[in-house]
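Me: I'd like to go through this model with you, beginning at the surface and then moving inward. Could you keep the answers plain?

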Amino acid sequence: MAAVVDALRAFFAPSTFVIDNENPGDVVARENLLDRAMGPERRRKSSEKLRSGRVPAEGLAFVARDLDGHVIGTVRLWNVEAGVSREGHSIPALLLGPLAVDPAHEGKGIGGMLMRAAIEEAKNRGHGAILLVGDAAYYERFGFFAARTQHLVMPGPFERNRFLALELRDAWLEGAAGLIVANGRKLALPPVRRAA
């Protein structure tokens, strides 16, 4: 029922935001938004261990902007290996998160639009599956379920019923088992200057 109410609210609400690709100038606004929406505990989550020191998957970082251009929502996807197949091959996938909307703009359909944009672009780029840790009641509307993650584990503590997956290609995660491991591009660090 909550999904229906959210969809109706978004349908009748005037369009007061746009979905855009994240750019380097959005970093401070995004981090401030995440702190407001999720609090300082967000940095201690198992998902954060997979994102630390990495950059999002190519073309898969989005923001929602209000009509003045301010960042009011964010979602990113990250390259990971979703365990191994029955044959022992690593399975490439994406990890979604965090998804956040500025508390002052909740209930306008922003989170849903960010999710749909991220899923559609991941499909267009040929990815096979998206994983996330989140509220099943919210993410099931986008096709995320716990059944495909039953033999996968996150690095560190996580709640099994909140570990969800969406297959973008049929049977992509069939037989997948093991630890989720980050495999995306590493964050470039500035060169170290040595004293002369």
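Me: Which strand does Val-153 lie in?
Reply: Val-153 lies in strand E7, which covers residues 152–153; please keep in mind that this is a predicted model.

Me: And is Val-153 buried, partly exposed or exposed?
Reply: Val-153 counts as partly exposed because its relative accessibility is 33%, and the partly exposed class runs between 20% and 50%.

Me: What nonpolar surface patch does Val-153 help to make?
Reply: Together with Leu-179 and Val-181, Val-153 makes a nonpolar surface patch of about 210 Å². For the protein as a whole, the exposed area is about 11000 Å², of which carbon and sulfur atoms supply 55%.

Me: Stepping back, how many helices and strands are there, and in what order do they run?
Reply: The protein has five helices and nine strands, and from the N terminus on the elements run α-β-α-α-β-β-β-β-α-β-α-β-β-β.

Me: Now the inside. How much of the protein is buried?
Reply: Of the 196 residues in the protein, 39% are buried.

Me: Which residues touch the most other members in the largest nonpolar core?
Reply: That core has 27 residues, and those touching the most other members are Leu-96, Met-115, Ile-119, Ile-130, Tyr-139 and Phe-144. Several elements supply at least two residues each, among them strand E3 (71–84), helix H4 (110–124) and strand E8 (163–167), and H4 gives the most, with six residues.

Me: What does Ile-119 touch, leaving out residues up to four places away in sequence?
Reply: With those left out, Ile-119 touches Ile-130, Phe-142, Phe-144, Leu-166 and Leu-168.

Me: What about a second core?
Reply: A separate core of 17 residues is also found, and its members include Ala-82, Ile-91, Ala-176 and Ile-180.

Me: On to the rings: how many aromatic pairs are there?
Reply: The count comes to four aromatic pairs. One of them joins Tyr-139 and Phe-144 edge-to-face, at 6.2 Å centre to centre with 75 degrees between the planes, and both of these residues are buried. Ring pairs also link Tyr-138, Tyr-139, Phe-142 and Phe-144 into a cluster.

Me: How are Phe-158 and Phe-163 arranged as a pair?
Reply: Phe-158 and Phe-163 are edge-to-face as well, with 5.4 Å centre to centre and 75 degrees between the planes.

Me: Why is Phe-158 classed as partly exposed and Phe-163 as buried?
Reply: Phe-158 is partly exposed because its relative accessible area is 25%, whereas Phe-163 is buried because its relative accessible area is 0%; the cut-off for buried is under 20%.

Technical notes: Residues numbered from 1 in each chain as written. Predicted model: local features only at pLDDT ≥ 70, side-chain atom pairs only at ≥ 80, totals over all residues. Heavy atoms only, no water. Phe/Tyr/Trp six-rings, centres within 6.5 Å; stacked < 30°, edge-to-face > 60°. Buried < 20%, exposed > 50% of the residue type's maximum accessible area, 1.4 Å probe, protein only. Core = buried A, V, L, I, M, F, W, Y, C linked by side-chain atoms within 4.5 Å. Helix = DSSP H or I, 4+ residues; strand = E, 2+ residues; numbered from the N terminus. Contact = heavy atoms within 4.5 Å. Patch = residues over 30% accessible without salt bridge, like charges linked within 9 Å, V, L, I, M, F, W, Y side chains within 5 Å. Areas by Shrake-Rupley, 256 points an atom, 1.4 Å probe, with all protein chains shown as cover. Salt bridge = Lys/Arg side-chain N within 4 Å of Asp/Glu carboxyl O.
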